[in-house]
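This briefing goes through selected features of one protein model. Topics are grouped under short headings.

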Amino acid sequence: MAGNGTGNGEFSFANGSGTARNGLAKIQTHKKQNGICHDDTSAPVKAQTLDELHSFQKKKSAPTTPIKGTQGAFAQISEEERHKQQLQSISASLASLTRETGPKVVKGDPAKKSDTPKVSHVSHHHFAPTLSISDSALKFTHILYNLSPAELYEQAIKYEHGSFITSSGALATLSGAKTGRSPRDKRVVKDETTEDELWWGKGSPNIEMDEHTFLVNRERAVDYLNSLDKVFVNDQFLNWDPEHRIKVRIVSARAYHSLFMHNMCIRPTPEELEDFGTPDFTIYNAGQFPCNRYTHYMTSSTSIDLNLARREMVILGTQYAGEMKKGLFSVMHYLMPKRRILSLHSGCNMGKDGDVALFFGLSGTGKTTLSTDHNRYLIGDDEHCWSENGVSNIEGGCYAKCIDLSREKEPDIFNAIKFGTVLENIVFDEHNREVDYTDKSVTENTRAAYPIEYIPNAKIPCVGPHPKNVILLACDAFGVLPPVSKLNLAQTMYHFISGYTALVAGTEEGIKEPQATFSACFGAAFIMMHPTKYAAMLAEKMQKHGATGWLVNTGWSGGSYGSGNRIKLPYTRKIIDAIHSGSLLNANYKKTEVFGLEIPTEIEGVPSEILDPVNTWSDKKAYNETLLKLGGLFRKNFDVFASYKIGKDNKLTEEILAAGPIF
């Protein structure tokens with residue numbers, strides 16, 4: 001090969017024709033006058049400074065939301081107009097009701113110098129002009145709108161104390177002094193409508209407040225948010241059934257809260273955001289700021305307030321993110337039944353043949369473990385709707401407990417804790433950032449919030465046909481409930497309203513008496529109407545679509561806690577498999593004493609003697625005493641509901657009562 005090195009500094013591999021021997025273009029380098037070798041394959045970057053260079057890194061794209069007004073369906077709207085309308089919508093959300101104004105809202109982070117000068121002055125044409133204008137109307141509040149997880153990571157790590165990236169890529173955060181929900185601080189506005197519609201009084205989770213007090217707290221929250229340099233705004237959906245979805249707007253002060261809701265609600269596509277319009281429900285999360293304890297109805301510096309008429313929720317004095325998730329769940333428990341749709345606190349999965357099962361159960365009953373099944377698709381782990389279209393998950397993510405989490409026990413949850421996941425109140429190694437899931441230093445209620453698509457067998461979209469099986473899980477530490485019973489409709493309603501489980505109080509100092517826990521509809525803290533209304537809807541849907549009710553005990557057998565043993569998980573799985581396959585429907589059944597439950601005489605892979613609990617107790621007298629004791633606890637708990645009338649003739653209430661324990 002000839003290298004024709006000429007004296008002018010030009011050097012090339014060539015075979016005389018402009019292409020190299022192997023058919024590739026020839027490589028040439030030209031020496032410039034100043035003697036610097038130069039690659040001229042692309043034009044040089046036109047930047048004078050590093051900042052300018054960095055500004056080229058980012059391609060401009062921001063989610064934008066117009067308010068659908070008078071434009072026709074296909075009317076073209078300029079980018080500028082869309083931005084303006086979106087800012088007007090957010091400005092309207094953040095307006096002070098007393099002063100009838102809010103701050104001027106602008107897009108983007110105030111820390112980014114380049115974004116600040118471009119100020120969109122939003123005309124408040126939809127507010128009456130008022131003389132009581134305050135300084136807050138002269139300041140700018142920067143809106144960080146529907147940021148991506150990566151942007152929220154940057155915001156959290158830069159500005160929020162206690163935010164770190166763990167070794168798996170998840171964002172570790174702290175929720176402050178409150179590491180769980182504050183049910184005693186939740187208030188619901190009682191007005192002419194809600195007075196008749198909601199469940200108030202003994203046993204109810206709804207503690208009343210009046211409209212005026214709500215507005216005082218709303219003003220306090222909005223004033224706090226408006227005093228900040230920037231707030232986070234999420235526009236998202238609830239309910240995967242497109243026909244019945246709800247548009248929610250969450251205004252918060254923390255990147256952690258914004259990322260948490262990004263994961264927990266349904267994430268809109270850019271096209272859906274274009275048509276988002278006005279939200280159906282708005283949360284003002286001013287959790288860093290306390291409520292005024294001298295305000296009427298307040299009992300502490302924390303208050304979570306729901307106003308169903310205004311479709312608004314205000315959070316003061318708690319930064320625990322679960323308040324937003326469960327607050328919206330309460331709202332769905334109100335809005336959905338009004339549309340004849342049943343809202344349910346349950347897990348839900350679907351077999352390969354389209355058979356759907358609902359799993360109800362309080363904490364510790366195995367709801368998460370049993371609804372996560374590698375042979376079935378996960379529709380959702382916690383909150384669902386059952387409409388005329390079938391079942392749909394309310395949420396776009398999962399909120400899993402992390403205490404003692406391990407790759408062996410819960411591989412799907414363990415592997416879902418990666419980039420984008422929020423880890424609350426966990427403890428990690430300072431150097432390698434590996435999480436110690438056994439450490440309870442901050443709280444026992446450590447949690448992970450991640451998008452549902454992080455679970456490999458999640459069914460996206462999270463919808464399914466009508467359920468075939470409704471499984472009620474109880475961990476009975478008294479050891480007298482059978483491992484599985486088939487329920488008739490009245491029994492399903494009775495056990496659904498009861499929402500029973502019995503857990504062990506504490507195991508440190510010898511044997512403790514089991515504690516019976518009852519939570520109406522397996523989620524009393526979130527229901528809005530009387531439990532019997534939800535139970536009647538459940539029975540109606542089960543009857544219409546031919547679903548079977550089952551009561552499954554994942555607790556003790558052969559004696560109460562301390563003398564008996566917990567039913568082995570493989571046996572419970574075999575029982576659940578037999579329910580899914582439909583084979584359990586064809587078994588032979590016999591009836592138990594007191595509770596009158598139908599129990600199968602045999603199930604493949606499960607020892608027959610454990611199916612009837614009386615066989616497993618050596619002390620039959622003790623068994624009968626314990627059985628009567630539990631029956632008495634059920635009766636006592638049901639007293640609250642016995643007086644509730646459904647329909648004119650009260651027949652349904654009598655039927656439900658008759659399905660309870662008889663002795």
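Pro 461 sits in the loop that runs between β24 and β25 (463-464). The peptide bond leading into Pro 461 from Ile 460 is cis, and its omega is near -5°. The model is a predicted one, and the points below cover its backbone exceptions, two open sheets, two buried residues and the largest pocket.

**Backbone exceptions**

- Most peptide bonds are trans, and most residues other than glycine have a negative phi.
- Asn 239 is not a glycine, yet its phi is positive, at about 85°.
- The loop that holds Asn 239 connects β9 (230-238) and β10 (246-252).
- Asn 239 counts as buried because its relative accessibility is 2%, under the 20% cut-off.
- Arg 340, also a residue other than glycine, has a positive phi near 65°.
- Arg 340 belongs to the loop between α8 and β14 (342-345).
- With a relative accessibility of 46%, Arg 340 counts as partly exposed, a class that lies between the 20% and 50% limits.

**Nine-stranded sheet**

- An open sheet with mixed pairing is formed by nine strands, in the order β3-β4-β9-β10-β11-β13-β12-β7-β8.
- The edges are taken by β3 and β8 (208-209); each has a single partner strand, so one side of each has no neighbour in the sheet.
- At one end, β7 (residues 186-189) and β8 run parallel and are joined by two bridges.
- Val 189 is placed opposite Met 209 of β8.
- Helix α5 packs on this sheet and touches β4, β7, β8, β9, β10, β11 (281-286), β12 (303-307) and β13 (312-316).
- The direction of α5 makes about 65° with that of β13.
- β3 (residues 104-107) and β4 (residues 140-145) run parallel, with four bridges between them.
- Opposite Val 105 stands Thr 141 in β4.
- From β3, Lys 104 and Val 106 point one way, while Val 105 and Lys 107 point the other way.
- All four of these β3 residues are buried, the two lysines included.

**Arg 218 in helix α5**

- Arg 218 is part of α5 (residues 211-227), the helix that packs on the nine-stranded sheet.
- A relative accessible area of 2% makes Arg 218 buried.
- Apart from neighbours within four places in sequence, Arg 218 contacts Ser 93, Ala 95, Leu 97, Tyr 284, Arg 310, Glu 312 and Val 314.
- Tyr 284 is 66 residues away from Arg 218 along the chain, but their C-alpha atoms are separated by 7.7 Å.

**Five-stranded sheet**

- A second open sheet, again with mixed pairing, has five strands in the order β5-β6-β21-β24-β20.
- Its edge strands, β5 (164-165) and β20 (397-401), each pair on one side only.
- Helix α6 (residues 255-264) packs on the five-stranded sheet and touches β6 (171-173), β20, β21 and β24.
- The direction of α6 makes about 120° with that of β21.
- Within the sheet, β21 (residues 422-424) and β24 (residues 447-451) run antiparallel and are joined by three bridges.
- Glu 424 has Arg 447 as its bridge partner in β24.

**His 530**

- His 530 occupies the loop between β29 (514-518) and α12 (531-545).
- The relative accessible area of His 530 is 8%, so this residue is buried.
- Leaving out residues up to four places away in sequence, His 530 touches Trp 199, Phe 641 and Tyr 644.

**Largest pocket**

- The largest pocket holds about 1,800 Å³ of space.
- Its lining has 48 residues, and those closest to the pocket centre are Ser 363, Gly 364, Thr 365, Thr 368 and Lys 401.
- At least two lining residues come from each of α8 (322-338), α9 (367-371), β20, β28 (500-504) and α13 (569-581).
- α9 gives the largest share of the lining, four residues.
- By residue class, the lining has 15 nonpolar, 19 polar and 14 charged residues.
- β20 thus appears twice in this briefing: β20 is an edge strand of the five-stranded sheet, and β20 supplies at least two residues of the pocket lining.

Key
Residues are numbered from 1 along each chain as its sequence is written. This is a predicted model: local features need pLDDT of at least 70, side-chain atom pairs count only at pLDDT 80 or more; totals for chains, interfaces and linings use all residues. Side-chain values use heavy atoms; hydrogens and water are left out. Buried means under 20% relative accessible area, exposed over 50%, partly exposed in between (1.4 Å probe, protein chains only). Contact means heavy atoms within 4.5 Å. Two strands pair if DSSP finds at least two bridges between them. Axes are lines fitted to C-alpha atoms, for helices over the stretch in contact, and angles run from 0 to 180 degrees between N-to-C directions. On a 1 Å grid over the protein atoms alone, a cavity is a set of points where a 1.4 Å probe fits but cannot get out, and a pocket is an open set with protein on both sides within 12 Å along at least five of seven lines; lining residues have an atom within 4 Å of a point. Grid points are joined across faces, edges and corners, and a volume is the space filled by probe spheres set on the points. Ala, Val, Leu, Ile, Met, Phe, Trp, Tyr, Cys and Pro count as nonpolar, Asp, Glu, Lys and Arg as charged, and the others, Gly among them, as polar.
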